[in-house]
Amino acid sequence: MLNKKTISLKGIESFNETDCYVVQDGANSFYFACDSGLKLGESKTVETKEGDLSETTYFSEYKAVNGLQFPHKTLLNIGMEIELITTEIKLNESIPAADFQ
């Protein structure tokens, strides 16, 4: 991502009432909290048959899993709001080979 010519640091903006660094990649914007560095959201425009659709995603309720921070609440706003709640995250769990057959 760092080598992409279309990526730039746009500045600092308020996103969901939090000061965030805004990283711009073409028409996509990514919001990282100034105080923690956590990704709090992203906004983008998606082309559809009916025309362009603005989509904003909010990430919150970060919790540590094996020392890494993961959002456990995701809110998608695509003309209507969809809330996703993560109840469990497992990292590097063994998966039986039979699951791939």
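So, a disulfide here is a pair of cysteine sulfur atoms within 2.5 Å. With that cut-off, the structure holds zero disulfides. Cysteine 20 is in no disulfide, and the nearest cysteine sulfur, in cysteine 34, sits 6.2 Å away. Cysteine 34 has no bond to cysteine 20 because that 6.2 Å between the sulfurs is too far.

Before I go on, some housekeeping. This is a predicted model, where local features need pLDDT of at least 70 and side-chain atom pairs count only at pLDDT 80 or more, while totals for chains, interfaces and linings use all residues. Residues are numbered from 1 along each chain as its sequence is written, and side-chain values use heavy atoms, with hydrogens and water left out.

Back to those two cysteines: buried or exposed? I call a residue buried under 20% relative accessible area, exposed over 50%, and partly exposed in between, with a 1.4 Å probe and protein chains only. Cysteine 20 is buried, at 0% relative accessible area, whereas cysteine 34 counts as partly exposed at 29%.

Okay, the sheet. Strands are DSSP runs of E, at least two residues long, numbered from the N terminus, and two strands pair if DSSP finds at least two bridges between them. What we have is an open sheet of seven strands, in the order β1-β2-β3-β4-β5-β6-β7, with antiparallel pairing. β1 (7–15) and β7 are the edge strands; each has a single partner, so one side of each has no neighbour in the sheet. From one strand to the next, the twist averages 25 degrees, taking axes as lines fitted to C-alpha atoms and angles from 0 to 180 degrees between N-to-C directions.

Let's look at the β7 end. Strand β6 (residues 68–77) runs antiparallel to β7 (residues 81–85), and five bridges join them. Threonine 74 stands opposite leucine 84 in β7. The two strands make a hairpin with three residues between them, and glycine 79 in the turn has a positive phi of about 95 degrees.

Also in β6 we find histidine 72. Histidine 72 is buried, with 6% relative accessible area. What does histidine 72 touch, leaving aside its neighbours within four places in sequence? With contact meaning heavy atoms within 4.5 Å, the list for histidine 72 includes Ser60, Glu61, Leu84 and Ile89. And for a sense of distance, the C-alpha atoms of histidine 72 and isoleucine 7 are 27 Å apart, with their positions 65 residues apart along the chain.

Now the core. A nonpolar core is a set of buried Ala, Val, Leu, Ile, Met, Phe, Trp, Tyr and Cys residues joined through side-chain atoms within 4.5 Å. The largest one here has six residues: Phe15, Cys20, Val22, Tyr31, Ala33 and Leu40. The elements giving two or more residues to this core are β2 (18–25) and β3 (28–33). In general, nonpolar side chains in soluble globular proteins tend to be buried together.

Which brings me to the rings. Rings of Phe, Tyr and Trp (its six-membered ring) pair if their centres lie within 6.5 Å; planes under 30 degrees apart are stacked, over 60 edge-to-face, and the rest tilted. How many aromatic pairs does a search of the whole structure find? Two. Phenylalanine 15 and tyrosine 31 are stacked, 4.1 Å centre to centre with 10 degrees between the planes. That pair links β1 to β3, with the two residues 16 apart along the chain. Phenylalanine 15 is buried, and so is tyrosine 31.

Phenylalanine 15 also stacks with tyrosine 58, at 5.2 Å centre to centre and 25 degrees between the planes. Tyrosine 58 sits in strand β5 (residues 51–65), 43 residues from phenylalanine 15. Tyrosine 58 is partly exposed at 24%, while phenylalanine 15 is buried at 8%. So, put together, Phe15, Tyr31 and Tyr58 form one aromatic cluster.

How values were computed. Helix = DSSP H or I, 4+ residues; strand = E, 2+ residues; numbered from the N terminus.
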